[in-house]
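Here are my notes on this one, written for someone coming to it fresh. Have the sequence and the model open side by side as you read.

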Amino acid sequence: MTMKYIYLTTLFLLFASFGYSQSSKTKQQLADIEGLYEVDNTGNVSYVSVFDNIDLTEKEIYDRALSYFIHTYNDANSVIQEKDEESGRIIGKGIFPNVHIGTGLVTRKYSIVHILRIDIKENRARAIITLTNYDVKSYDLDGNMYPSSYPISASYPFNPKGGEKNFHGQAFVQAHLKADETFLELENVIRNGAVSSDLSKDDW
């Protein structure tokens, strides 16, 4: 038995052991968040949060929600698709970058394409986050990068037969956490008028 063979066998067993333990963790994490999202008839994954008892007029809520979009959706991958003050609606398309980096014989960096919709009424706002696609950058052992994009619903756990269950399971768990984080940030901006600390420094 050659040293090269022993090395490759050991490497394979290490990755297999790592994959098994992580898959158990991923399975539990997916079970913990099951039922906290909805899958529509197009296969998109959606989250809904309603902010009640906001001591502001409809216009004030609209202006604060719009400021959130302007400061958050400000790169080439993000765009405000609709803003209608009269109907109290703002819709933007953006990306949660690098929510999960899966490592192994191949490294994959997962970003999440999503749509954020805000509907506004007097003293209330409703936010809907819809996750649509994975934007993936895959790197081989030589450092070559291969981009891909595909619907989240085409992968595990929504497609039980989907491959790379651990990678996709972890990517979705992290996407779920990012959606929760977005709701918290948005609610804070609407209720408190908060903006980025870098934008509100006193030494301007």
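How much area does the chain expose, and what share of it do carbon and sulfur atoms supply? The exposed area is about 12,300 Å², with 53% supplied by carbon and sulfur atoms; accessible areas come from the Shrake-Rupley method with a 1.4 Å probe, and for residues only the protein chains shown count as cover.

1. Some ground rules. This is a predicted model, where local features need pLDDT of at least 70 and side-chain atom pairs count only at pLDDT 80 or more, while totals for chains, interfaces and linings use all residues. Residues are numbered from 1 along each chain as its sequence is written, and side-chain values use heavy atoms, with hydrogens and water left out.

2. The overall layout. You'll find three helices and seven strands in the chain, running α-β-β-α-β-β-β-β-β-α along the sequence. Helices (H or I, at least four residues) and strands (E, at least two) are DSSP runs, numbered from the N terminus.

3. Burial and contacts. The chain has 204 residues, and 35% of them count as buried, that is, under 20% relative accessible area (exposed is over 50%, partly exposed in between; 1.4 Å probe, protein chains only). Take the contacts (heavy atoms within 4.5 Å) between residues at least 6 apart in sequence: 58% of these join residues at least 24 apart.

4. The core. A nonpolar core here is a set of buried Ala, Val, Leu, Ile, Met, Phe, Trp, Tyr and Cys residues joined through side-chain atoms within 4.5 Å. The largest one has 41 residues, and Leu131 and Phe172 have the most contacts inside it. Elements giving at least two residues each include helix H1 (3-33), strand E4 (89-102) and strand E6 (124-139). Helix H3 supplies the largest share, ten residues.

5. Leu131 and Thr132. Beyond its neighbours within four places in sequence, Leu131 is in contact with residues including Tyr47, Phe96, Ile112, Phe172 and Ala175. Thr132 sits in strand E6. Is Thr132 buried or exposed? Thr132 is buried, at 13% relative accessibility. Not counting residues up to four places away in sequence, Thr132 touches Asn44, Val113, His114, Ile115, Pro151 and Ile152.

6. Tyr62. Look for Tyr62 in helix H2 (residues 58-72). Its relative accessible area is 5%, so Tyr62 counts as buried. Leaving aside neighbours within four places in sequence, its contacts include Lys83, Asp84, Arg89 and Ile120. Tyr62 and Lys121 are 59 residues apart along the chain, with 8.8 Å between their C-alpha atoms.
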